[in-house]
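Please open the model in your viewer, set it to a cartoon drawing, and keep the selection box at hand. The tour below moves from the whole chain to a few chosen places.

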Amino acid sequence: MTFSFSAVLVWLDLSGVFFFAVSGSLLAARKQFDVVGSLLLAAMVGLGGGIMRDIIINAGPPAAFTDPAYLVPPLLAAVLVFFLFSSVQRFTSLLFLFDAGGLALFCITGSLKALAAGMNAAAAILLGAGTAVGGGLLRDITANEIPQLFDPKDLYAVPAFAGAAVTVVLSVTGSFNAVTGGAVAAAVFAFRVTSRRRHWHVPLAVRGWHRRSADAAESGPQD
């Protein structure tokens, strides 16, 4: 079944761009970038995943370059952070929450657009998760941060894959709509936040390794 990328999906996509863009501008503010750097980082994280998605599915020029509406969320995010960051910087989890919101929305839109392009279910899940984590990866690397995607003490890709898988199942069975889509986004957001607060994680790359020994190796010998 092919899902039509309707106005509801466009709004979900734009909302995801905004959430990710705010996370980019917040990180730029914490790194003391100027306002131009804030705007560029917001655009990179907000649009990067979608650009990658559109190129992979050969959808022609990415929506970020053909629809001016996609330029509004990064600009709005940079402006809001410029005027409001001084009053909200005490909330250390704010960047994380906006990032989780973008992740929850992009795993849905990425999967649906992949299905609309004729991809099979497995490929749609992979592209949905890739769309969700791609922008954050670019943001962290550009700002010289350890990417959340590779943090062994956190779950980042797992909620994205879960949301993409549920979205594909709902779409293929004809059950995806605004209500079920909103429920998936809320569930992925809750999964991401809960995993962070409860310190959920997946096993390390080598069986038998423990995080405490890995942490000790990273910190090196102590004087």
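**The whole chain**

Before you select anything, look at the overall fold of this predicted model, in which the protein has nine helices and zero strands. If you follow the chain along its sequence, the pattern reads α-α-α-α-α-α-α-α-α. The protein has 223 residues, and of these 42% count as buried.

**The largest pocket**

Next, select L95, F96, E145, Q148 and R196, which are the closest to the centre of the largest pocket among the 16 residues that line this pocket. With these residues shown as sticks, you are looking at a pocket with a volume of about 380 Å³. To see which parts of the chain surround the space, colour α1 (7-30), α5 (94-116), α6 (121-142) and α8 (178-197), since each of these elements gives two or more residues to the lining of the largest pocket. Among the contributors, α5 supplies the largest share of this lining, namely three residues. If you then colour the lining by class, you should find five nonpolar, three polar and eight charged residues.

**The cavity**

Now turn to the enclosed space: there is one cavity of 30 Å³ or more, and about 60 Å³ of space lies in the largest cavity. Select D13, V17, G46, L47, G50, I51, R53, D54, A63, A64, Y70 and F106, the residues that line the largest cavity. The elements giving two or more residues to this lining are α1, α2 and α3 (63-66), and α2 gives the most, with six residues. By class, the lining of the largest cavity has seven nonpolar, two polar and three charged residues.

**The nonpolar patch**

For the next stop, switch to a surface view and select V35, V36, L39, L40, V72, L75, L76, V79, L80, F82, F83 and L84, which together make a nonpolar surface patch of about 1100 Å². Two helices, α2 (35-56) and α4 (72-88), each supply at least two residues of this patch, while α4 gives the most to the patch, with eight residues.

**One residue of the patch**

Finally, select F82 alone, which has its place in helix α4. Is F82 buried or exposed? F82 counts as exposed because its relative accessible area is 56%, and the cut-off for exposed is over 50%.

How values were computed
Residues are numbered from 1 along each chain as its sequence is written. This is a predicted model: local features need pLDDT of at least 70, side-chain atom pairs count only at pLDDT 80 or more; totals for chains, interfaces and linings use all residues. Side-chain values use heavy atoms; hydrogens and water are left out. On a 1 Å grid over the protein atoms alone, a cavity is a set of points where a 1.4 Å probe fits but cannot get out, and a pocket is an open set with protein on both sides within 12 Å along at least five of seven lines; lining residues have an atom within 4 Å of a point. Grid points are joined across faces, edges and corners, and a volume is the space filled by probe spheres set on the points. Helices (H or I, at least four residues) and strands (E, at least two) are DSSP runs, numbered from the N terminus. Ala, Val, Leu, Ile, Met, Phe, Trp, Tyr, Cys and Pro count as nonpolar, Asp, Glu, Lys and Arg as charged, and the others, Gly among them, as polar. Patches are made of residues with over 30% relative accessible area and no salt bridge: like charges are joined within 9 Å, nonpolar side chains (Val, Leu, Ile, Met, Phe, Trp, Tyr) within 5 Å. Accessible areas come from the Shrake-Rupley method with a 1.4 Å probe; for residues, only the protein chains shown count as cover. A salt bridge is a side-chain nitrogen of Lys or Arg within 4 Å of a carboxyl oxygen of Asp or Glu. Buried means under 20% relative accessible area, exposed over 50%, partly exposed in between (1.4 Å probe, protein chains only).
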